Amino acid sequence: MANILKNLRRKRKRKKSIIPQKTVIMVGAVAAVAILIYFYVEKRSYHDYEILQTSEQEDVVSTGYDEMANGILRYSPDGASLVNSGMEAYWSVLYEMKNPVADIKGDRAVVADQDGTLIEIFDKDGETGSITTSYNIIKARVSSQGMVAAILDGGDATWINFYGPDGSLIAENQTHVADPGYPMDVAISDNSDIMMVTYQFVEGSQTTSYVAFYNFGDIGQSEDDRIVSGYTYEGAVIPQIEYLDSTRSAALKDNGFTIYSGTQIPKEGTTVEVKKEIVSTFFDENTIGLVFKSGKKDKQYTMQVYGIDGTLRFEKEFNVPYTTIKMSDGCILMYNSSQICVMNSRGSERYNGTIDGTINNFFKIGWNKYMLVLDNGVNVIKFK
């Protein structure tokens with residue numbers, strides 16, 4: 001009897017040891033398959049495309065389309081609407097503008113009449129505010145909470161105004177070319193406390209840029225003009241600035257870029273400087289991309305893609321005669337009037353080919369789904 005019990009115990013131990021081994025093998029096999037699928041999807045190249053949806057539009061040339069709130073903001077001189085990929089409207093608002101331009105941040109958008117005086121503010125449910133400015137609008141930017149900053153042409157002076165989501169004026173700041181310079185761009189933090197402005201001025205024969213951070217919260221009350229931090233860059237031009245997320249912002253220069261961090265008093269952080277002339281930049285919350293002329297006939301351009309920490313992720317030569325380059329849902333998109341090229345975030349080319357029709361805009365709207373805005377309508381496509 002004792003021998004029988006011992007044999008039963010041995011069998012149970014063997015079964016217990018076999019089950020975990022089988023589990024480990026199965027988990028490892030599933031993980032290996034998942035990795036293979038991931039690398040296949042990441043490295044896969046497509047050679048054709050399929051039209052999933054099409055929508056003919058009467059006036060695509062004067063109509064803009066861009067991503068907003070998991071939908072598409074459609075704006076024209078007559079009004080704006082938020083639509084789905086089938087061009088079905090969630091809401092529609094009428095206005096009159098001559099030259100509407102849009103800025104979008106998540107669920108918020110601003111449409112401004114460039115060189116006019118009307119600004120319309122929207123969220124995912126429709127219009128939240130309207131502004132009629134005293135001077136012509138040069139540029140308008142929106143935050144993820146709906147705050148709006150606008151650069152206005154006041155003739156002898158330039159104004160930078162700050163508005164609430166309902167269009168109410170919160171602050172206005174008059175600037176002169178001599179002090180602190182001509183404003184090139186403006187951006188707003190996610191918490192809407194900070195307005196970031198880049199100025200340009202000339203000292204002697206040298207161009208100098210100044211990046212200022214205005215704090216409209218409690219911390220900025222005790223500071224002159226509410227400027228809590230500012231940085232001067234001699235010999236550099238900074239045409240574009242951007243808030244990347246709730247704590248980090250970027251100044252895109254003609255010789256590289258600088259990253260700043262901090263929610264209340266932003267501090268200068270990573271700086272990358274390059275010797276070559278930058279012809280294009282692109283970015284998202286995790287990526288900064290720079291494009292240079294390569295000097296080669298077969299590969300006209302060189303692309304360098306960096307992480308926000310300044311680490312060079314990859315460098316790639318390419319020969320796409322693009323007119324627009326941008327990040328869209330983690331992919332690098334390039335296009336001209338008849339050709340599109342899509343790369344993933346590691347520089348692998350997913351698609352490169354011509355399109356039937358004249359391209360006005362192109363962006364990603366889902367996994368292997370893209371929107372093509374053509375001169376005769378709007379198509380949703382996927383690669384195959």
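Two strands count as paired if DSSP finds at least two bridges between them. The exercises below apply to a predicted model.

**Exercise 1.** State the order of the strands in the open sheet of four strands, and identify its edge strands.

*Solution.* Step 1: the pairing gives the order β18-β19-β20-β21, and it is antiparallel. Step 2: an edge strand pairs on one side only, and this holds for β18 (240–243) and β21 (267–273). Step 3: from one strand to the next, the twist averages 15 degrees. Step 4: within this order, β19 (residues 248–253) and β20 (residues 256–261) run antiparallel and are joined by six bridges. Leu252 has Phe257 in β20 as its bridge partner.

**Exercise 2.** Determine which parts of the chain are tied together by the salt bridges of Arg141 and Lys139, and classify the residues involved as buried, partly exposed or exposed.

*Solution.* Step 1: a salt bridge requires a side-chain nitrogen of Lys or Arg within 4 Å of a carboxyl oxygen of Asp or Glu. Arg141 and Asp103 satisfy this, with their closest N and O atoms 3.4 Å apart. Step 2: Arg141 belongs to strand β10 (residues 136–142) and Asp103 to strand β6 (residues 100–105), so the pair links parts 38 residues apart in sequence. Both Arg141 and Asp103 are buried. Step 3: Lys139 forms a salt bridge with Asp185, where the closest N and O atoms are 3.3 Å apart. Because Lys139 lies in strand β10 and Asp185 in strand β14 (residues 182–188), this pair ties together parts 46 residues apart in sequence. Step 4: Lys139 counts as partly exposed because its relative accessibility is 26%, whereas Asp185, at 2%, counts as buried. Step 5: salt bridges with shared partners join Asp103, Lys105, Lys139, Arg141, Asp185 and Glu242 into one network.

**Exercise 3.** Classify Thr198 as buried or exposed, and describe its surroundings.

*Solution.* Step 1: Thr198 is located in strand β15 (residues 194–203). Step 2: its relative accessibility is 0%, so Thr198 counts as buried. Step 3: beyond neighbours within four places in sequence, the contacts of Thr198 include Tyr182, Asp185, Tyr210 and Ile238.

**Exercise 4.** Identify the residues that touch the most other members of the largest nonpolar core, and the elements that give two or more residues to this core.

*Solution.* Step 1: this core has 16 residues, of which Ile340, Ile359, Phe362, Tyr370, Leu372 and Phe383 touch the most other members. Step 2: the elements giving two or more residues are β27 (331–335), β28 (339–343), β30 (359–366), β31 (369–374) and β32 (377–383).

Note on methods
Residues are numbered from 1 along each chain as its sequence is written. This is a predicted model: local features need pLDDT of at least 70, side-chain atom pairs count only at pLDDT 80 or more; totals for chains, interfaces and linings use all residues. Side-chain values use heavy atoms; hydrogens and water are left out. Buried means under 20% relative accessible area, exposed over 50%, partly exposed in between (1.4 Å probe, protein chains only). Contact means heavy atoms within 4.5 Å. A nonpolar core is a set of buried Ala, Val, Leu, Ile, Met, Phe, Trp, Tyr and Cys residues joined through side-chain atoms within 4.5 Å. Axes are lines fitted to C-alpha atoms, for helices over the stretch in contact, and angles run from 0 to 180 degrees between N-to-C directions.
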